[in-house]
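Please open the model in a viewer and keep the sequence panel beside it. The tour proceeds by selections, each followed by what is found there.

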Amino acid sequence: MDTSVNALLVAMAGGLARPAAVNPPRTWTAPDTRPDCARERRIAFAPMTEADLDAVHAVESCAYAHPWSRKHFRDSLQSGYPAVLLLGEALPHERAQTARADGSVLLGYLVAMPGVDEMHLLNVTVAPAHQRQGWARFMLDALALWSRAQGAQWLWLEVRESNAPARRLYERHGFKQVGLRKGYYPAGHLQREDAVVMSLNLVPGDAAEARP
Ligand SMILES: CC(C)(COP(=O)(O)OP(=O)(O)OC[C@H]1O[C@@H](n2cnc3c(N)ncnc32)[C@H](O)[C@@H]1OP(=O)(O)O)[C@@H](O)C(=O)NCCC(=O)NCCS
C-alpha cells in the first residue's frame with residue numbers, strides 16, 4: 001500500500017476525476033458567509049505534477065510579492081517532497097473562466113519536506129479569489145493529520161515577519177514561535193527580511209513537548 005503523504009491526502013479527500021459512485025468526493029462546508037461565496041463545494045486533493053506547474057505558478061505569482069520560481073516547485077517535485085493541489089468542483093460562474101479540464105478549480109496547494117520525526121511546511125498558498133473561506137485551515141489540518149500518521153511529531157515552518165495573515169493563520173492553528181532567522185528572505189531593493197520560525201507539536205503531552 002502506498003502510504004506517502006501525497007497518497008494519504010488524496011485518499012482522504014476522494015478524487016474529483018473518479019466516478020462519484022466509486023469514490024465519492026467529500027463535500028466540505030466553507031465557513032465563509034459572504035453572499036457571493038459558495039457555502040459548499042466538492043473538494044479533492046491531487047498530487048502536484050510537472051503538468052500543473054503553469055497553473056501553480058500563475059497562482060503563486062498573484063499571491064506573493066516574492067513568489068517561488070517554477071524551479072523551486074520542480075526541485076521539490078524531483079526531490080519527491082509531498083506536494084498536493086487542493087481542487088474544488090467549479091461552481092457555475094467559474095466554469096467558463098477558470099475551470100480545469102476535469103471541471104475543477106485550483107483552490108490552493110502545499111509543499112512540505114519530511115524530516116526524521118518532523119514535517120517542514122515549505123509553501124502553503126490559497127488562490128486570492130478563494131481566500132478567507134477556510135481552505136488554508138483545511139490544508140493545515142490535513143497535513144497535520146497525515147504527518148502524524150507518518151510518525152512526525154512536529155510541523156515546522158518559516159514565515160515572513162511582515163506576513164500578518166499567515167502568522168495569524170498559524171497562531172490560530174496552534175503553532176508557536178520558536179525562533180527568528182535574521183535576514184532569511186529577500187525583500188527587494190537588496191533588502192532582507194527576518195523569518196519567524198514556528199512549530200506545532202503533533203503529539204501533545206508526549207515527551208517531545210519539551211523540545212522547542
Ligand atoms: C495566508 C493564506 C494561506 C491564508 O489562506 P486562507 O485560505 O485565506 O485562510 P483561511 O480562510 O483558512 O483563514 C484561517 C485563519 O487565518 C487567519 N487569516 C487568514 N487570512 C487572513 C487575513 N488576510 N488577515 C487576517 N487574518 C487572516 C484568520 O485567523 C483566519 O480565520 P478566520 O477567517 O476565522 O478569522 C493566504 O492568505 C495566502 O495564500 N497568502 C499568500 C501566500 C502566503 O502568505 N502563504 C503563507 C506563506 S508562510
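Begin by selecting the ligand and its shell, the residues whose C-beta atom, placed from the backbone, lies within 6 Å of it. The shell holds 19 residues, and Q131, A136, R137, P165 and L169 come nearest to the ligand. By class, 10 of the shell residues are nonpolar, 5 are polar and 4 are charged. Here Ala, Val, Leu, Ile, Met, Phe, Trp, Tyr, Cys and Pro count as nonpolar, Asp, Glu, Lys and Arg as charged, and the others, Gly among them, as polar. Colour by secondary structure next: β5 (118-126), α5 (135-149) and α6 (164-172) each give the shell at least two residues. The largest share, 5 residues, belongs to α6. Helices (H or I, at least four residues) and strands (E, at least two) are DSSP runs, numbered from the N terminus.

Two remarks apply to every stop. The model is predicted, and local features need pLDDT of at least 70, side-chain atom pairs count only at pLDDT 80 or more, while totals for chains, interfaces and linings use all residues. Residues are numbered from 1 along each chain as its sequence is written.

Now display the whole protein chain. It contains 6 helices and 8 strands, arranged along the sequence as α-β-β-α-α-β-α-β-β-α-β-α-β-β. Of its 212 residues, 32% count as buried. A residue is buried if 20 or more other C-beta atoms lie within 10 Å of its own, exposed if 12 or fewer, and partly exposed in between, with C-beta atoms placed from the backbone. Among contacts in the chain with a separation of 6 or more, 58% join residues 24 or more positions apart; a contact requires C-beta atoms, placed from the backbone, within 7 Å.

Select α5 next. This helix has 15 residues and reaches 21 Å from its first C-alpha to its last, close to the 21 Å expected at 1.5 Å a residue. The expected span is 1.5 Å times one less than the number of residues. Buried in α5 are W135, A136, F138, M139, L140, L143, W146 and S147. Just after α5, G151 takes a positive phi of about 100°.

Step back to the loop between β5 and α5, where R132 lies. Most residues other than glycine have a negative phi. R132 has a positive phi of about 60° although it is not a glycine. Is R132 buried or partly exposed? R132 is partly exposed because 14 other C-beta atoms lie within 10 Å.

Move to α2, residues 53-63. Its buried residues are V56, V59 and E60. These residues lie on the same side of α2 because they cover an arc of only 100° around the axis, the arc being that of the directions from the helix axis to the C-beta atoms. An α-helix has 3.6 residues a turn, so residues three or four places apart point the same way. Show the surroundings as well: α3 (70-78), β4 (104-114) and β5 are among the elements that cover the buried residues of α2. On the face turned away from the buried side, select the exposed residues D54, S61 and C62. S61 counts as exposed because it has 12 C-beta neighbours inside 10 Å. A distance label from S61 to A127 reads 9.9 Å, C-alpha to C-alpha, with their positions 66 residues apart in sequence.

Finish at β7 (176-186) and β8 (192-201). The two strands run antiparallel and are joined by 7 bridges; strands pair if DSSP finds at least two bridges between them. One of the bridge partners to select is V197 in β8, which faces G179 in this pairing. How many of the 11 residues of β7 are buried? The number is 0, so β7 lies largely in the open.

Within β7, select G183. G183 counts as exposed because it has 11 C-beta neighbours inside 10 Å. Leaving aside neighbours within four places in sequence, G183 is in contact with R192 and D194. The C-alpha atoms of G183 and R160, 23 residues apart along the chain, are separated by 9.8 Å.

The last selection is the hairpin turn, with 5 residues between β7 and β8, where G188 has a positive phi of about 80°. L190, in the loop between the two strands, has a positive phi of about 60° although it is not a glycine. L190 counts as exposed because it has 6 C-beta neighbours inside 10 Å.

Notes:
Two residues are in contact if their C-beta atoms, placed from the backbone, lie within 7 Å.
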